[in-house]
Amino acid sequence: MTDLRSIFPGIPYVESPLFERLLGQLDLTVEEARVARDLHERGYAVIDFPDDHIEERIARVQDYLAPRFGEDILDPNTVKEAGHRIQDAWVYNEDVREIAANRQVSNLLAKLYGRPAFPFQTLNFPVGTAQHLHSDSIHFSSIPERFMCGVWLAMEDVHPEAGPLTYLPGSHRWPILSNIMLGRSGWDAPRDKAQQPFEQAWAALVEQSGASQETFLARKGQALIWAANLLHGGSPRLDPKRTRWSQVTHYYFDDCIYYTPAFSDEAVGKYDTRRIVDVATEKLKPNCYLGTPIDAEETASTSLVTRIRRRMRTPAGLPDDFDPGAYYQLNPDVAVAKLDAVTHYLTHGKQEGRRYRYRG
(Lines give C-alpha, C1' and ligand atoms only; values in the text may rest on other atoms or scores of the structure.)
Protein backbone atom coordinates (compact mmCIF):
# COMPACT_ATOMS: atom_id res chain seq x y z
CA MET A 1 0.00 0.00 0.00
CA THR A 2 1.29 3.44 -0.94
CA ASP A 3 2.10 5.68 2.03
CA LEU A 4 -0.13 8.66 1.20
CA ARG A 5 1.63 10.80 3.80
CA SER A 6 4.66 11.04 1.51
CA ILE A 7 2.79 12.30 -1.56
CA PHE A 8 1.99 15.84 -0.38
CA PRO A 9 4.33 16.55 2.57
CA GLY A 10 3.83 20.28 1.94
CA ILE A 11 0.10 20.14 2.69
CA PRO A 12 -1.27 19.60 6.22
CA TYR A 13 -2.99 16.23 6.55
CA VAL A 14 -6.29 17.83 7.55
CA GLU A 15 -6.18 20.12 4.47
CA SER A 16 -5.09 17.40 2.04
CA PRO A 17 -7.11 16.59 -1.10
CA LEU A 18 -6.32 12.95 -0.23
CA PHE A 19 -7.78 13.30 3.26
CA GLU A 20 -10.43 10.56 3.04
CA ARG A 21 -7.89 7.92 2.00
CA LEU A 22 -5.17 9.40 4.18
CA LEU A 23 -7.23 9.28 7.37
CA GLY A 24 -6.90 5.51 7.66
CA GLN A 25 -3.11 5.74 7.65
CA LEU A 26 -2.73 8.26 10.46
CA ASP A 27 -3.10 5.88 13.44
CA LEU A 28 -5.58 8.16 15.22
CA THR A 29 -7.86 7.36 18.12
CA VAL A 30 -11.61 7.63 17.56
CA GLU A 31 -11.63 11.08 19.18
CA GLU A 32 -8.57 12.27 17.23
CA ALA A 33 -10.21 11.09 13.98
CA ARG A 34 -13.34 13.05 14.88
CA VAL A 35 -11.26 16.20 15.42
CA ALA A 36 -9.42 15.60 12.13
CA ARG A 37 -12.65 15.20 10.19
CA ASP A 38 -14.19 18.33 11.75
CA LEU A 39 -11.11 20.37 10.83
CA HIS A 40 -11.10 19.01 7.30
CA GLU A 41 -14.81 19.53 6.64
CA ARG A 42 -15.69 22.56 8.77
CA GLY A 43 -12.35 24.24 9.44
CA TYR A 44 -12.72 23.95 13.22
CA ALA A 45 -13.10 21.36 15.96
CA VAL A 46 -14.14 21.54 19.61
CA ILE A 47 -12.20 19.70 22.33
CA ASP A 48 -12.09 19.61 26.11
CA PHE A 49 -8.78 21.21 27.05
CA PRO A 50 -6.50 18.40 28.30
CA ASP A 51 -5.21 19.80 31.59
CA ASP A 52 -6.21 18.39 34.99
CA HIS A 53 -5.33 21.74 36.58
CA ILE A 54 -7.09 24.02 34.13
CA GLU A 55 -9.59 25.36 36.70
CA GLU A 56 -6.80 26.52 39.01
CA ARG A 57 -4.78 27.95 36.12
CA ILE A 58 -7.75 29.94 34.84
CA ALA A 59 -8.40 31.41 38.29
CA ARG A 60 -4.76 32.46 38.66
CA VAL A 61 -4.62 33.97 35.17
CA GLN A 62 -7.76 36.02 35.81
CA ASP A 63 -6.49 37.25 39.18
CA TYR A 64 -3.12 38.19 37.71
CA LEU A 65 -4.24 39.84 34.47
CA ALA A 66 -7.43 41.63 35.53
CA PRO A 67 -5.63 44.62 37.12
CA ARG A 68 -3.33 44.93 34.11
CA PHE A 69 -6.06 45.95 31.69
CA GLY A 70 -5.99 49.36 33.33
CA GLU A 71 -9.72 50.05 33.04
CA ASP A 72 -12.92 48.69 34.46
CA ILE A 73 -13.69 45.87 32.03
CA LEU A 74 -17.36 45.98 33.05
CA ASP A 75 -17.74 49.67 32.25
CA PRO A 76 -19.10 49.87 28.67
CA ASN A 77 -17.79 53.44 28.35
CA THR A 78 -14.17 52.35 28.70
CA VAL A 79 -14.19 49.19 26.57
CA LYS A 80 -13.28 49.80 22.94
CA GLU A 81 -15.12 48.00 20.17
CA ALA A 82 -12.19 45.69 19.49
CA GLY A 83 -12.06 44.66 23.15
CA HIS A 84 -9.21 44.47 25.62
CA ARG A 85 -6.31 42.13 24.98
CA ILE A 86 -2.90 41.36 26.39
CA GLN A 87 -0.45 39.87 23.91
CA ASP A 88 2.22 37.37 24.93
CA ALA A 89 1.49 37.32 28.65
CA TRP A 90 3.27 33.93 28.57
CA VAL A 91 6.51 35.88 28.91
CA TYR A 92 5.78 36.77 32.52
CA ASN A 93 2.90 34.49 33.58
CA GLU A 94 3.66 30.80 33.96
CA ASP A 95 0.02 29.67 33.77
CA VAL A 96 -0.50 31.41 30.43
CA ARG A 97 2.69 29.72 29.25
CA GLU A 98 1.64 26.28 30.52
CA ILE A 99 -1.70 26.56 28.71
CA ALA A 100 0.03 27.56 25.48
CA ALA A 101 2.72 24.89 25.78
CA ASN A 102 0.32 22.05 26.68
CA ARG A 103 2.06 18.96 25.37
CA GLN A 104 -1.13 17.02 24.60
CA VAL A 105 -2.43 19.83 22.40
CA SER A 106 0.87 20.15 20.53
CA ASN A 107 1.03 16.39 20.03
CA LEU A 108 -2.53 16.31 18.71
CA LEU A 109 -1.79 19.11 16.24
CA ALA A 110 1.36 17.33 15.08
CA LYS A 111 -0.69 14.22 14.30
CA LEU A 112 -3.29 16.23 12.39
CA TYR A 113 -0.85 18.38 10.40
CA GLY A 114 2.02 15.96 9.85
CA ARG A 115 4.75 18.13 11.40
CA PRO A 116 5.77 19.04 14.97
CA ALA A 117 3.69 21.95 16.27
CA PHE A 118 4.84 24.75 18.53
CA PRO A 119 3.08 27.75 20.13
CA PHE A 120 4.41 31.17 19.17
CA GLN A 121 1.89 33.73 20.45
CA THR A 122 -0.74 34.15 23.15
CA LEU A 123 -3.61 36.61 23.46
CA ASN A 124 -5.70 36.98 26.63
CA PHE A 125 -9.10 38.65 26.67
CA PRO A 126 -11.48 39.49 29.54
CA VAL A 127 -14.36 40.46 27.21
CA GLY A 128 -15.59 39.74 23.69
CA THR A 129 -13.71 41.49 20.88
CA ALA A 130 -16.53 42.20 18.40
CA GLN A 131 -13.75 41.76 15.84
CA HIS A 132 -14.60 41.72 12.13
CA LEU A 133 -14.64 38.32 10.45
CA HIS A 134 -11.09 37.60 9.31
CA SER A 135 -8.67 34.90 8.28
CA ASP A 136 -5.45 34.47 10.21
CA SER A 137 -3.70 33.70 6.93
CA ILE A 138 -3.04 37.40 6.27
CA HIS A 139 -1.49 37.82 9.72
CA PHE A 140 0.39 34.55 10.19
CA SER A 141 1.28 32.56 7.13
CA SER A 142 3.87 30.00 6.20
CA ILE A 143 5.65 28.53 3.23
CA PRO A 144 4.31 25.96 2.56
CA GLU A 145 0.99 27.61 3.35
CA ARG A 146 -1.66 26.57 5.92
CA PHE A 147 0.85 25.24 8.47
CA MET A 148 -0.63 27.47 11.15
CA CYS A 149 -3.66 27.16 13.41
CA GLY A 150 -5.26 28.72 16.48
CA VAL A 151 -6.64 27.29 19.71
CA TRP A 152 -9.21 29.38 21.62
CA LEU A 153 -9.79 28.40 25.27
CA ALA A 154 -12.93 29.46 27.13
CA MET A 155 -12.01 30.62 30.63
CA GLU A 156 -15.64 30.85 31.68
CA ASP A 157 -19.04 29.70 30.44
CA VAL A 158 -19.90 31.97 27.50
CA HIS A 159 -23.26 33.75 27.62
CA PRO A 160 -25.03 34.47 24.29
CA GLU A 161 -25.02 38.20 25.10
CA ALA A 162 -21.30 38.34 25.97
CA GLY A 163 -20.12 38.45 22.33
CA PRO A 164 -19.36 34.77 21.62
CA LEU A 165 -16.73 33.70 19.13
CA THR A 166 -18.24 33.41 15.64
CA TYR A 167 -17.05 31.65 12.48
CA LEU A 168 -18.11 30.47 9.01
CA PRO A 169 -17.90 26.67 8.67
CA GLY A 170 -16.18 25.64 5.46
CA SER A 171 -14.65 29.05 4.73
CA HIS A 172 -11.18 27.59 5.31
CA ARG A 173 -11.50 26.08 1.81
CA TRP A 174 -11.92 29.50 0.17
CA PRO A 175 -8.99 31.19 -1.60
CA ILE A 176 -6.39 32.67 0.72
CA LEU A 177 -6.46 36.40 -0.01
CA SER A 178 -3.28 38.29 -0.87
CA ASN A 179 -2.35 41.87 -1.62
CA ILE A 180 -1.99 41.14 -5.34
CA MET A 181 -5.62 39.97 -5.43
CA LEU A 182 -6.66 43.32 -3.99
CA GLY A 183 -4.43 45.28 -6.36
CA ARG A 184 -2.36 46.80 -3.58
CA SER A 185 1.20 46.72 -2.29
CA GLY A 186 1.69 45.51 1.24
CA TRP A 187 5.42 46.12 1.64
CA ASP A 188 5.08 49.81 2.53
CA ALA A 189 1.56 49.62 3.96
CA PRO A 190 0.86 51.18 7.39
CA ARG A 191 1.67 48.69 10.14
CA ASP A 192 -1.57 49.38 11.98
CA LYS A 193 -3.67 48.47 8.91
CA ALA A 194 -3.02 44.76 8.51
CA GLN A 195 -6.61 43.53 8.41
CA GLN A 196 -8.73 46.46 7.31
CA PRO A 197 -7.87 46.37 3.57
CA PHE A 198 -9.14 42.77 3.34
CA GLU A 199 -12.45 43.18 5.19
CA GLN A 200 -14.49 44.32 2.16
CA ALA A 201 -13.28 41.31 0.16
CA TRP A 202 -14.18 38.88 2.94
CA ALA A 203 -17.62 40.48 3.27
CA ALA A 204 -18.18 40.05 -0.47
CA LEU A 205 -17.18 36.38 -0.30
CA VAL A 206 -19.55 35.81 2.61
CA GLU A 207 -22.42 37.45 0.75
CA GLN A 208 -21.70 35.49 -2.43
CA SER A 209 -21.52 32.16 -0.59
CA GLY A 210 -24.71 32.61 1.38
CA ALA A 211 -22.94 30.87 4.28
CA SER A 212 -24.31 31.36 7.78
CA GLN A 213 -22.19 32.28 10.76
CA GLU A 214 -22.16 30.06 13.81
CA THR A 215 -21.35 31.07 17.38
CA PHE A 216 -19.46 29.08 19.97
CA LEU A 217 -21.35 29.04 23.28
CA ALA A 218 -18.48 27.36 25.01
CA ARG A 219 -18.35 25.87 28.45
CA LYS A 220 -15.46 26.78 30.70
CA GLY A 221 -12.52 24.57 29.78
CA GLN A 222 -13.64 23.88 26.21
CA ALA A 223 -11.36 24.86 23.35
CA LEU A 224 -11.84 25.52 19.66
CA ILE A 225 -9.13 24.58 17.16
CA TRP A 226 -9.41 26.45 13.86
CA ALA A 227 -7.65 26.24 10.51
CA ALA A 228 -5.47 29.08 9.24
CA ASN A 229 -7.95 30.33 6.63
CA LEU A 230 -11.20 29.93 8.59
CA LEU A 231 -13.13 33.20 8.77
CA HIS A 232 -13.77 33.96 12.43
CA GLY A 233 -14.33 36.93 14.71
CA GLY A 234 -16.36 38.20 17.64
CA SER A 235 -20.11 38.64 17.63
CA PRO A 236 -21.60 41.87 19.09
CA ARG A 237 -21.56 42.28 22.86
CA LEU A 238 -25.27 42.67 23.54
CA ASP A 239 -24.65 43.00 27.27
CA PRO A 240 -21.46 45.06 27.76
CA LYS A 241 -21.37 44.21 31.46
CA ARG A 242 -20.74 40.53 30.77
CA THR A 243 -17.18 39.21 30.64
CA ARG A 244 -15.91 36.57 28.23
CA TRP A 245 -12.51 35.50 29.54
CA SER A 246 -10.47 33.54 27.03
CA GLN A 247 -6.98 32.70 25.84
CA VAL A 248 -5.91 32.32 22.24
CA THR A 249 -2.72 30.47 21.37
CA HIS A 250 -1.40 30.55 17.82
CA TYR A 251 0.69 27.64 16.57
CA TYR A 252 3.15 27.19 13.74
CA PHE A 253 4.74 23.96 12.52
CA ASP A 254 8.35 22.96 11.90
CA ASP A 255 10.31 23.39 8.66
CA CYS A 256 8.51 26.45 7.28
CA ILE A 257 9.19 30.05 6.39
CA TYR A 258 7.09 32.25 8.71
CA TYR A 259 5.89 35.62 7.45
CA THR A 260 3.12 38.25 7.43
CA PRO A 261 1.30 38.38 4.05
CA ALA A 262 -0.47 41.66 4.88
CA PHE A 263 2.91 43.43 4.62
CA SER A 264 4.41 41.32 1.84
CA ASP A 265 4.52 41.42 -1.96
CA GLU A 266 5.29 37.79 -2.72
CA ALA A 267 5.29 38.17 -6.51
CA VAL A 268 8.40 40.37 -6.39
CA GLY A 269 10.12 38.51 -3.56
CA LYS A 270 9.28 40.91 -0.73
CA TYR A 271 8.42 38.85 2.34
CA ASP A 272 7.84 40.35 5.78
CA THR A 273 9.49 37.42 7.53
CA ARG A 274 9.06 36.81 11.24
CA ARG A 275 11.54 35.97 13.99
CA ILE A 276 9.58 33.32 15.84
CA VAL A 277 10.15 32.17 19.42
CA ASP A 278 8.81 28.79 20.53
CA VAL A 279 6.82 29.49 23.71
CA ALA A 280 7.56 26.01 25.06
CA THR A 281 11.34 26.18 24.72
CA GLU A 282 11.86 29.97 24.55
CA LYS A 283 14.23 29.37 21.65
CA LEU A 284 14.20 30.94 18.19
CA LYS A 285 12.69 28.80 15.43
CA PRO A 286 14.64 29.25 12.19
CA ASN A 287 12.89 29.99 8.93
CA CYS A 288 13.49 26.87 6.85
CA TYR A 289 12.98 25.81 3.26
CA LEU A 290 12.82 22.03 2.68
CA GLY A 291 14.75 21.42 5.87
CA THR A 292 17.44 24.03 5.28
CA PRO A 293 17.57 27.20 7.44
CA ILE A 294 17.57 30.36 5.37
CA ASP A 295 18.87 33.85 6.04
CA ALA A 296 15.66 35.85 6.20
CA GLU A 297 15.71 39.59 5.52
CA GLU A 298 15.85 41.75 8.61
CA THR A 299 12.42 42.67 9.85
CA ALA A 300 11.59 46.09 11.27
CA SER A 301 12.05 44.69 14.78
CA THR A 302 15.52 43.26 14.13
CA SER A 303 16.63 46.51 12.53
CA LEU A 304 15.43 48.27 15.64
CA VAL A 305 17.39 45.83 17.80
CA THR A 306 20.54 46.75 15.87
CA ARG A 307 19.94 50.46 16.35
CA ILE A 308 19.29 50.01 20.07
CA ARG A 309 22.47 47.99 20.50
CA ARG A 310 24.54 50.67 18.79
CA ARG A 311 23.40 53.48 21.00
CA MET A 312 22.75 51.52 24.19
CA ARG A 313 24.36 52.57 27.45
CA THR A 314 23.72 51.09 30.88
CA PRO A 315 21.16 53.24 32.71
CA ALA A 316 20.64 52.85 36.45
CA GLY A 317 18.51 49.81 37.22
CA LEU A 318 19.34 47.97 33.99
CA PRO A 319 20.78 44.48 34.58
CA ASP A 320 24.35 43.98 33.38
CA ASP A 321 23.24 41.03 31.24
CA PHE A 322 20.28 42.85 29.65
CA ASP A 323 20.02 41.80 25.99
CA PRO A 324 17.77 44.07 23.90
CA GLY A 325 17.64 41.50 21.10
CA ALA A 326 16.39 38.81 23.46
CA TYR A 327 13.98 41.30 25.05
CA TYR A 328 12.33 41.95 21.67
CA GLN A 329 12.20 38.25 20.84
CA LEU A 330 10.72 37.31 24.22
CA ASN A 331 8.35 40.30 24.19
CA PRO A 332 7.04 40.52 20.61
CA ASP A 333 4.44 43.13 21.58
CA VAL A 334 7.27 45.57 22.38
CA ALA A 335 8.95 44.89 19.03
CA VAL A 336 5.72 45.24 17.05
CA ALA A 337 5.01 48.57 18.76
CA LYS A 338 8.61 49.67 17.89
CA LEU A 339 9.28 50.72 21.48
CA ASP A 340 12.77 51.24 22.86
CA ALA A 341 13.72 48.00 24.64
CA VAL A 342 15.69 49.65 27.43
CA THR A 343 13.09 52.32 28.14
CA HIS A 344 10.23 49.82 28.07
CA TYR A 345 12.02 47.47 30.46
CA LEU A 346 12.86 50.21 32.96
CA THR A 347 9.37 51.78 32.90
CA HIS A 348 7.18 48.70 32.53
CA GLY A 349 8.96 45.42 31.91
CA LYS A 350 10.89 45.27 35.18
CA GLN A 351 7.73 45.78 37.25
CA GLU A 352 5.84 43.22 35.15
CA GLY A 353 8.59 40.66 35.59
CA ARG A 354 9.31 40.39 31.88
CA ARG A 355 12.27 38.30 30.77
CA TYR A 356 15.21 39.98 29.05
CA ARG A 357 17.47 37.00 28.38
CA TYR A 358 17.01 33.33 27.62
CA ARG A 359 17.10 30.86 30.45
CA GLY A 360 20.53 29.35 30.73
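## Exercises on a predicted model

In this structure an open sheet is built from three strands, ordered 7-6-9 and paired in the antiparallel sense, where strands are DSSP runs of E of at least two residues and helices are runs of H or I of at least four residues, numbered from the N terminus. The model is predicted, so that local features need pLDDT of at least 70 and side-chain atom pairs count only at pLDDT 80 or more, while totals for chains, interfaces and linings use all residues. Residues are numbered from 1 along each chain as its sequence is written, and side-chain values use heavy atoms, with hydrogens and water left out.

**Exercise 1.** Determine which strands are the edge strands of the sheet, and describe how strand 6 pairs with strand 9.

*Solution.* Start from the edges: strand 7 (214-216) and strand 9 (232-234) each pair on one side only, given that two strands pair if DSSP finds at least two bridges between them. Next, take the twist, which averages 30° from one strand to the next, with axes being lines fitted to C-alpha atoms and angles running from 0 to 180 degrees between N-to-C directions. Finally, strand 6 (residues 165-167) joins strand 9 in the antiparallel sense over three bridges, and Tyr-167 stands opposite His-232 of strand 9.

**Exercise 2.** Describe the surroundings of Ser-16, and decide whether Ser-16 is buried or exposed.

*Solution.* First locate Ser-16, which lies in the segment before helix 1 (19-22). With a relative accessible area of 4%, Ser-16 is buried (buried means under 20% relative accessible area, exposed over 50%, partly exposed in between, with a 1.4 Å probe and protein chains only). Then list its contacts (heavy atoms within 4.5 Å): leaving aside residues up to four places away in sequence, Ser-16 touches Phe-8, Ile-11, Leu-22 and His-40.

**Exercise 3.** Examine the backbone in the loop between strand 4 and strand 5 at Arg-146, and at Glu-282 in the loop between strand 12 and strand 13.

*Solution.* Begin with the general expectation: most residues other than glycine have a negative phi, and most peptide bonds are trans. In the loop between strand 4 (141-143) and strand 5, which holds Pro-144, a cis peptide bond with omega of about 0° joins Ile-143 and Pro-144. Arg-146, although not a glycine, has a positive phi of about 80°, and at 17% relative accessibility Arg-146 counts as buried. Glu-282, found between strand 12 (276-278) and strand 13 (283-285), likewise has a positive phi, near 60°, and is buried, with a relative accessible area of 3%.
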